[in-house]
Amino acid sequence: MANVKCNPDLVRERAKCSFDVNELIHLIDGGENATKEKRHFEETIFSVKELQDAVPEEYLSHKDRYENAVRKATILRDVCREYMKKYNYKPNRFRVGHGVFKDVSPFLLHDGMFVATIIGQGTPEQQAEWLPKAENMQIIGTYAQTELGHGSFIRGLETRATYDPKTEEFILNNATLSSFKWWPGGLGSTVNHCIVVAQLFINGKSYGIQPFIVQIRDLNTHKPLPGVKVGEIGPKMGFQTANNGFLGFENFRIPRMNMLMKNAQVLKDGTFVKGMNEKLTYGTMVMVRVGIVGDCSLNTSLAATIAVRYSAVRHQSKIKAKEPEVQILDYVTQQHKLFIAIASSHVFRNVYSWLSKSYLNVMKDLAQGKQDHLPELHATACCLKAVCSRDAGSVVEECRLACGGHGYMTSSNLPLVYGFTIATVTYEGEQTVLLLQTARYLVKAWLAALQGKVLAPSVSYLSDWLKNDNVRWQNTPEGIVKGFQHVAAGKVKAAYDTIQKYIKLGKDYEDAWNLASVQLMKASEAHSRSILCEVSWGEVIRTSASPNLLQVLKQLAQLYLVYWTLETSGDFLVYSNISKDDIAILREKYEELLAAIRPNAVGLVDAFDLRDEILHSTLGSYDGRVYERLMEEALKSPLNQESVNASFHKYLKPLMEKAKL
Ligand SMILES: CCCCCCCCCC/C=C\CCCCC/C=C/C(=O)SCCNC(=O)CCNC(=O)[C@H](O)C(C)(C)COP(=O)(O)OP(=O)(O)OC[C@H]1O[C@@H](n2cnc3c(N)ncnc32)[C@H](O)[C@@H]1OP(=O)(O)O
Ligand SMILES: Cc1cc2nc3c(=O)[nH]c(=O)nc-3n(C[C@H](O)[C@H](O)[C@H](O)COP(=O)(O)OP(=O)(O)OC[C@H]3O[C@@H](n4cnc5c(N)ncnc54)[C@H](O)[C@@H]3O)c2cc1C
């Protein structure tokens, strides 16, 4: 990239960077070799001619766009397969996916949840049967759980799988409209198999929801099998190429062994054998929630790169009347909008790496029959997925707004990035619903703390707070982390006390819970923020990096801490010993941090190492040819391929002529 002829502002910005950008790239990737491998892989993908679009996707019809996405998905699959064989390298398909599809792949659910569910929920025999076929795309699948009537409350799903011991089959039925599956990615026209989550019935008795692997289309003709009603749900805010679909069954029979039986089992005679923990059926969702935290880091880095580079190139208005127009990046308000995006991406990445380790540890435990840490993992993944996805959505939107009018152009790519980022707030567990799951855990932990029990590490601050809730405020990163824990503990206590208050007033527990649920949700958010702050600060101070880089990483981590303290200063005034003077000191610190980060802003986004093909943005490319690219892209509009459009003769001229009469 170094030889590209760049906008002079970007050249100046890069020259003043105080740290080695390559060092940070390697740190993010996990080593110099990992960067080399990643770049080689991305170079290979983006030099495949067939993966490049002749016409910008935006001008295609819904149908053409889908077909083009499938075309590219199949080519990408082949290229990746060959690449993996040749180099024994497992690539991050999500990064290149943004470049290839601009939106998302119609195979997203195949890779993200279908294969994962076979691994997580299938017995070794079932895995042996379906996994090789799924991994090499002999069969293509999705994860069909949500229905028209129920997405959040999965115990309420209506699709039925009734066991028939005579034929040793399950009979699938969707008797009501609300029971139709609705949303699964790829279901519309792409997949021939699904994981269907359905209510199991044996001899008229319900045994809760279970996962079934179901073939829905003929492998040769792709026609829906008899008894299957399937289609696409139509355009959405984003995710246009994900091919989300609907599905219903009428007396559709599948063999007994198509119920994924790693946890619970149905024997030939219809005996139901309970699993170790019925919630293990929800395992794929836990895994994907962890992954979404990492995805938030990637999405945030896309938006930050576009908006920061654009802000370095764009000049508008003056700070001093007699001086030239300044780069908009010099406005401190602009830095306030953008630097939190850079900082958040690093925080999400560090927390994702921490959460992934916990996830893998719990999976190892479960394999040995130990489930003690599962509730903590579920609670932590829920609140982090909820808060990171919402933060990422807000940060991306702020980056879009920070690009003024040009941020509204599709060619900036910010609208598209926003579309797939905010989808994560809802899918894989709606944010409020997940925060309330964590609140259940926090309330239990609080009760345990009151009883003097030892708490799990992520909530042990509740016991510390009970022992001493009067800790002196300290304006240091460690002091701020403690402060976040105080806020979280104070909010958990307040929510718990509110529940007790309503119970004393005669409410039953469930109503008291609902009445206190705004406080419970806020307590859960505060708990999440305290984890984000503690983990990310801890990761940064343990990082081995050169002094220059470490200094910058600490500045970003501190910016995150101070930003959120100031954003939630009301909570700090209520629940910690912070004073008004401390808040004034933090405001000053925040301004110092913005100024310290300013010279490194472009270097920091360069270090996300997002190729132009992945950014796919007129505003964010490495060379900063913003206005040239905006014009080049505008000229690709079909309306610019003719000097007079037919609508002139058809409508405008008659209108003007009528006006003359
Ligand atoms: C750095 C760069 C890295 C880049 C990485 C990129 C990675 C990208 C990753 C993305 C990968 C793939 C993308 C896939 C795209 C996905 C597209 C979307 C798919 C979907 O949306 S699929 C459908 C998802 N649906 C949901 O999430 C539904 C949400 N609802 C639920 O989960 C449940 O209904 C519920 C949890 C809200 C409630 O369940 P319920 O049975 O009613 O339980 P409760 O009665 O409330 O609680 C009972 C107790 O059970 C505990 N519990 C609940 N869930 C779990 C669980 N999963 N595990 C363990 N325990 C659980 C709960 O805590 C209760 O315990 P308690 O009684 O309190 O002790
Ligand atoms: C882009 C996209 C892709 C998706 N892909 C898939 C897929 O591949 N497979 C699949 O199975 N599903 C998929 N989904 C569905 C997704 O998982 C659900 O939409 C999601 O879980 C939310 O459920 P819901 O739509 O029923 O929302 P609802 O639960 O109806 O939410 C509506 C409102 O009700 C509130 N609410 C609901 N329950 C409670 C409660 N207990 N307490 C307080 N408030 C509550 C919510 O907070 C929210 O404000 C996808 C969704 C989207 C948007």
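How many nonpolar, polar and charged residues make up the shell around ligand 1? In this predicted model, that shell has 17 nonpolar, 11 polar and six charged residues.

In total, 34 residues surround ligand 1, and the closest are Gly112, Tyr282, Gly291, Gly294 and Gly429. The elements that give two or more residues to this shell are helix 6 (108-121), helix 8, helix 9, helix 10 (374-401) and helix 12 (431-450), and the largest share, nine residues, comes from helix 8. Because domain 1 (112-275) and domain 2 (284-453 + 471-605) both give residues to the shell, ligand 1 lies between these two domains.

Ligand 2 is surrounded by 22 residues, of which Gln145, Thr146, Gly151, Ser152 and Thr432 are the closest. Strand 1 (141-144), helix 11 (414-426) and helix 12 each supply at least two residues of its shell, and helix 12 gives the most, with three residues. Domain 1 and domain 2 each contribute at least three residues to the shell around ligand 2.

The table sets out the two shells by residue class.

| Shell | Nonpolar | Polar | Charged |
|---|---|---|---|
| Ligand 1 | 17 residues | 11 residues | six residues |
| Ligand 2 | 10 residues | 10 residues | two residues |

Helix 8 also packs with another contributor to the shell around ligand 1. The axes of helix 8 (residues 283-313) and helix 9 (residues 332-367) come within 8 Å and cross at roughly 155°, which means that helix 8 is roughly antiparallel to helix 9, an angle over 145 degrees being counted in this way. The crossing of helix 8 and helix 9 is left-handed, and their contact has 16 nonpolar, nine polar and one charged residues.

Key:
Residues numbered from 1 in each chain as written. Chains lettered and ligands numbered in written order. Predicted model: local features only at pLDDT ≥ 70, side-chain atom pairs only at ≥ 80, totals over all residues. Axes fitted to C-alpha atoms, helices over the stretch in contact; angles between N-to-C directions. Helix = DSSP H or I, 4+ residues; strand = E, 2+ residues; numbered from the N terminus. Parallel < 35°, antiparallel > 145°, perpendicular 65-115°, else oblique. Left-handed = near helix turned anticlockwise from the far one by under 90°. Nonpolar A, V, L, I, M, F, W, Y, C, P; charged D, E, K, R; others polar. Near = placed C-beta within 6 Å. Domains from an automatic or database assignment.
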